Amino acid sequence: MDDFIAHYRPPTMFSLFPDALDVILRYHSLTNETLATLALVNHECYQVVKPFLWANPQLSNSFVYTPLQCMQSILSSMKSCALQPDTLQMIHSLDMSQVEETLYGTLPDDWLLTLLQNAPKLHTLCLSGKKTSSPFVQGQTFRKLAKASLVHAGMENLDLSECTDIQEPTLKSLATFFPNLVSLNLSRTSGVTDTAVALIVDRCQYLETINLSYCRQLTDLGLFSVAKFCRRNLRVLNLTGNLKMTNASLLAVAKHCPQIQKLYLAECNQITDSAVEWIARSCSSTSLKELELHRCDRIMFGLPLLGLLAHKCNVLERLTLTYKQINSQRDDLKLVMEAFRDFHGLRTIDIYEVPEHSPALFFWDLAFQASRGKLDTINLYRGSFASDYLLGNYAVAYEQDQNISDQTVRKFNDRRIGAHKAVVNIFVDNIY
């Protein structure tokens, strides 16, 4: 006992700092420069910071270097074997959507081959061209993988959205390179055809999330393949903006994909009320949590359709629609409003294309009726109102309380304090 006391040293700030740092890093996101500075404090801090620094390298989180320069540095270190094997094992996710090539700096054609060969634990890769068009994602890049006969079995999440330099043969090869994909985003991606989609879903048997929004060449044939080969695991399917899709493909999805939880069908102008009825009556209705149907011009939420959705889709939490879809003259509007009371699990309603002179009472009634269940939020999306240009230093326009506006929404939310009513939010739709 005396010997223990003689050698005992109470913990100091420096000995406890690595443990505290580990807790801090788990709940706070720090810049690369900050992480690198912390790694230089001592060896213990370096060991703590290292996994956080390399698990998801932040290419756009630097004040000194551009995302392109950061990526070039990583690739150069991989080729020169400057990174230790245990460091390469720590790379799990990489977002390259901010990487932008210039006239003076580009990525080599074999950048993807180098990355996949040196990051065996990489499971999430974002190559979205939404911000930069991702010109480095092209056929030549994937042909390098084919020549090396590379198969990256650990890749689970791949985002190729808005990559416009990809052709159909390249998309077909994805199933060979990444056979264990769980999530695939091909929104607005070039080269998406029925054949390419059929080949991918046939060979990637673990797909749970598929984004095929705004794939203009996609028809019912491609969606039949999705319904056939993804029936066991499919959870999320985004078909927004597919103008060639009809009721037939939705019937197949509803019939063969009983585990689907999120179905996005906005701007699909070929589908009708019948498709929604099939979805509600199918086995998939018991698992459906989100349903987007706004800007589907041939769907009108009359009393029978709303009643069917309310009684069959028991776990539905979010529903999107267009203002004119529920404000039709086919049914008594008051009864339509009351039908929302039967959605016992509904939490969010998104209403698009709200016109400027819409009666505010319409939305207040909706908030009151639907709030008898679990509804807590109604989001309204409007276009440009004339009052947006009148209000200012040159003119004064006073909003009428009976019309929907930012002012009337604020008044409603202020008055609802303590009352069991949903919160109403109004936004300017980004489509405008």
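# A tour of the predicted model

Glu 168 and Lys 172 sit in one helix, α9 (residues 168-177), four residues apart, which is about one turn of the helix. Select these two to begin. The model on screen is a predicted one.

**Stop 1: a salt bridge inside α9**

Side chains of opposite charge can pair when their charged atoms come close. Here Glu 168 and Lys 172 form a salt bridge, and their closest N and O atoms are 3.9 Å apart. Is Glu 168 buried or exposed? Neither: with 25% relative accessibility, Glu 168 counts as partly exposed. Lys 172 is partly exposed as well, its relative accessible area being 26%. This is one bridge in a structure that holds 13 salt bridges.

**Stop 2: from β8 to β7**

Select Glu 290 and Lys 262 next. These two form a salt bridge with 3.9 Å between the closest N and O atoms. Glu 290 belongs to strand β8 (residues 290-292) and Lys 262 to strand β7 (residues 262-264), so the pair ties together parts that are 28 residues apart in sequence. Glu 290 counts as buried because its relative accessibility is 17%, under the 20% limit for that class. Lys 262, at a relative accessible area of 30%, is partly exposed.

**Stop 3: from the loop after β8 to β10**

Now select Arg 295 and Glu 353. Their salt bridge has its closest N and O atoms 3.0 Å apart. Arg 295 lies in the loop between β8 and α14 (303-312), and Glu 353 in strand β10 (residues 348-354), so this pair ties together parts that are 58 residues apart in sequence. Arg 295 counts as buried at 10% relative accessibility, while Glu 353 counts as partly exposed at 28%.

Which residues are joined into one network by salt bridges that share partners? Select Lys 262, Glu 290, Glu 292, Arg 318 and Asp 350 to show that network. Lys 262 and Glu 290 are the pair from the second stop.

**Stop 4: aromatic rings**

Turn to the rings. How many aromatic pairs does the structure hold? There are ten aromatic pairs. One of them is Phe 177 with Phe 178, an edge-to-face pair with 6.3 Å centre to centre and 75° between the planes. Phe 177 counts as buried, at 3% relative accessibility, and Phe 178 is buried too, with a relative accessible area of 1%.

A second pair to select is Tyr 323 and Phe 363: their ring centres are 5.8 Å apart and their planes stand at 35°, so the pair is tilted. This pair links distant parts of the chain, with Tyr 323 in helix α15 (residues 323-326) and Phe 363 in helix α17 (residues 360-370), 40 residues apart. Tyr 323 is buried, with a relative accessible area of 6%. Phe 363 is buried at 0%.

Before leaving the rings, add Phe 142 to Phe 177 and Phe 178. Ring pairs link Phe 142, Phe 177 and Phe 178 into a cluster.

**Stop 5: helix α17**

Select the helix that carries Phe 363, which is α17 (residues 360-370). Eight of the eleven residues in α17 are buried, so the helix is mostly covered. Which residues of α17 are buried? They are Ala 360, Phe 362, Phe 363, Trp 364, Leu 366, Ala 367, Gln 369 and Ala 370.

**Stop 6: a buried loop residue**

Go to Ala 119, in the loop between α7 (111-118) and β2 (124-126). Ala 119 is buried, and its relative accessible area is 0%. Select Thr 87 as well: the two residues are 32 residues apart along the chain, and their C-alpha atoms are separated by 9.1 Å.

**Stop 7: two surface patches**

Show the surface and select Phe 63, Val 64 and Tyr 65. These residues form a nonpolar patch on the surface, with about 410 Å² of accessible area together. Tyr 65 is found in the loop between α4 (43-55) and α5 (67-79). Is Tyr 65 buried or exposed? Tyr 65 is exposed, with a relative accessible area of 52%.

For the last selection, take Lys 130, Lys 131, Arg 188 and Arg 216, which form a positive surface patch. Arg 188 lies in the loop between β4 (183-185) and α10 (194-203). Arg 188 counts as partly exposed, at 42% relative accessibility.

Terms used. Residues numbered from 1 in each chain as written. Predicted model: local features only at pLDDT ≥ 70, side-chain atom pairs only at ≥ 80, totals over all residues. Heavy atoms only, no water. Patch = residues over 30% accessible without salt bridge, like charges linked within 9 Å, V, L, I, M, F, W, Y side chains within 5 Å. Areas by Shrake-Rupley, 256 points an atom, 1.4 Å probe, with all protein chains shown as cover. Salt bridge = Lys/Arg side-chain N within 4 Å of Asp/Glu carboxyl O. Lys, Arg positive; Asp, Glu negative; His and termini not counted. Charge placed at Lys NZ, Arg CZ, Asp CG, Glu CD. Buried < 20%, exposed > 50% of the residue type's maximum accessible area, 1.4 Å probe, protein only. Phe/Tyr/Trp six-rings, centres within 6.5 Å; stacked < 30°, edge-to-face > 60°.
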